[in-house]
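Good morning, and thank you for joining. I would like to take you through the helix packing and the buried interior of one model, which I now put on the screen.

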Amino acid sequence: MSATATSTPPPAAPKVAGGKGGRVRLSFPVILLIIAGVLLALSAVRAITGAQDVTSSGQISAALSMAVPIGLAGLGGLWAERAGVVNIGLEGMMILGTFFGAWAGWQTNPWIGVLAGVLGGMLGGLLHAVATVTFGVDHIISGIAINILALGFTTYFAKLWFNSGEAQAKGGSPKQSPPSDDIGTITVPGLSDWLKSIEKHEWFFVSDLAGILGGLVTNLSLLTIVAGLLFVATFVVLWKSAFGLRLRSCGENPIAAESLGVNVYKYKYIAVIVSGGMAGLGGAFLSLVTSHIYNEGQTGGRGYIGLAAMIFGNWRPGGLAMGAGLFGYADALQLRNGGQSVHALLLLLVVVLIGLALWKFYRGSLLQASISLVIGLGVLAWYLGTDTVPTEFVTATPYVVTLLVLSLSAQRLRMPKADGMRYRKGQGK
């Protein structure tokens, strides 16, 4: 045997998933354990502080209705970015969805309004695709331009269409549309009343679980069910089909995809138009389900929060759904005058920050551990020194939660490799 052969080092051992420096892939049982842990923490907060609304069915129902438009906007962002196109224009596409959904909804029926809202969002998506895919415009600039154009378009045509004739007689004005009919809700008979009776006992964990489940099966909008099915369909199409594999390859390595015969332009166009349709559906939900009217500025930045939910979910539908639920929960607090609930959740935030500080200290990140500990102690002092939080802070809660979540989760994310990069046909030749 030669000296060269004997000196050849053995192959390196494969890295163990979940070890230090390795990427942790959460299994379904682990996810269930995390959810159970969160529910236990919320139960403890409710028991300690007496803030019964933290896990009430009313809070959960409101959170679900707030989470749906955020989730649909995030789903739109997921479709576009998995194909390599950053879609900052989701906010503008949602605005188009609110406007066209309400415009068609009050004149015909709400389901026609839903279709019009989707088409309005797809129109915005098509414009974004033409700018970014065909002409190579910077994705961020194109998205911001669409947001500005959508706001100007809807402001102008709201004054033109809603402030005269039959629309004005039915309650329209320069900033809002006439009301549309209800899109319909369902309640699981028997189960809803049974869960509500358990919730009233205020038992630890059991009543909290009943409140959460009760909020999910009571007065559930039909459009919410459609949104849930879209999450499942997105996972199946993008991760379980040849079409989805080709589309995702355009976001990872479009040059390699082109060399294998994939029409990269076509898949990017499809993804961005679908992205606009999802955002438009989220906008239609706001104008047809949440409020039954179009109101100027009613999206309230939910397109951007949807992007944050998508990033939090690591560009995956399951993680996105959890992120949308978290942001929807925070958004619902301001609707229910949740000063006491937000004050109670400060205690939960203290536990999270101190736990994070201990974890960072264990990992050797002394600076980050110190920052988390200082912030945690500051929040604890705030909690102990007050009985409630100001209304202004309750209103800002969704945006504060967005910043906190992104800052805490940013280090464990992996975006598509070619996301946001300009691509020209034949670039690899």
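Let me begin with a convention: an angle between axes under 35 degrees counts as roughly parallel, over 145 as roughly antiparallel, 65 to 115 as roughly perpendicular, and the rest as oblique. Axes are lines fitted to C-alpha atoms, for helices over the stretch in contact, and the angles run from 0 to 180 degrees between N-to-C directions. Helices themselves are DSSP runs of H or I with at least four residues, numbered from the N terminus.

Please note that the model is predicted, so local features need pLDDT of at least 70 and side-chain atom pairs count only at pLDDT 80 or more, while totals for chains, interfaces and linings use all residues. Residues are numbered from 1 along each chain as its sequence is written, and side-chain values use heavy atoms, with hydrogens and water left out.

The first pair is α4 and α6, the latter covering residues 139-161; their axes come within 7 Å and cross at roughly 20°. The two are therefore roughly parallel to each other. Their crossing is left-handed, meaning that the near helix is turned anticlockwise from the far one by less than a right angle, whereas clockwise would be right-handed. Contact here means heavy atoms within 4.5 Å. On the α4 side the participants include L96, F99, F100 and W103, and on the α6 side they include F153, F157 and W161. By class, this contact has 13 nonpolar, three polar and one charged residues. Ala, Val, Leu, Ile, Met, Phe, Trp, Tyr, Cys and Pro count as nonpolar, Asp, Glu, Lys and Arg as charged, and the others, Gly among them, as polar.

The second pair is α2 (residues 28-49) and α16 (residues 339-363), whose axes come within 9 Å and cross at roughly 120°. These helices are therefore oblique to each other. α2 passes α16 in a right-handed crossing. The contact is made by A41, L42, V45, I48 and T49 of α2 with Q340, A344, L345, L347 and L348 of α16. Those residues divide into eight nonpolar, two polar and no charged.

I turn now to the interior. Buried means under 20% relative accessible area, exposed over 50%, and partly exposed in between, with a 1.4 Å probe and protein chains only. A nonpolar core is a set of buried Ala, Val, Leu, Ile, Met, Phe, Trp, Tyr and Cys residues joined through side-chain atoms within 4.5 Å. The largest such core has 38 residues, and I70, L238 and F327 are among those with the most contacts inside it. Helices supplying at least two residues each include α3, α10 and α15, and α13 gives the most, with six. Beyond its neighbours within four places in sequence, I70 contacts residues including R302, I305, A309 and F327.

Which residue of α13 deserves a closer look? I choose S275, placed in that helix. S275 is buried, with a relative accessible area of 0%. Its C-alpha atom is separated by 8.2 Å from that of N87, 188 residues away along the chain.

Helix α14 is mostly covered, with eight of its eleven residues buried.

Finally, two loop residues. H292, between α13 and α14, has a positive phi of about 70° although it is not a glycine. F205, between α8 and α9, likewise has a positive phi, of about 65°.
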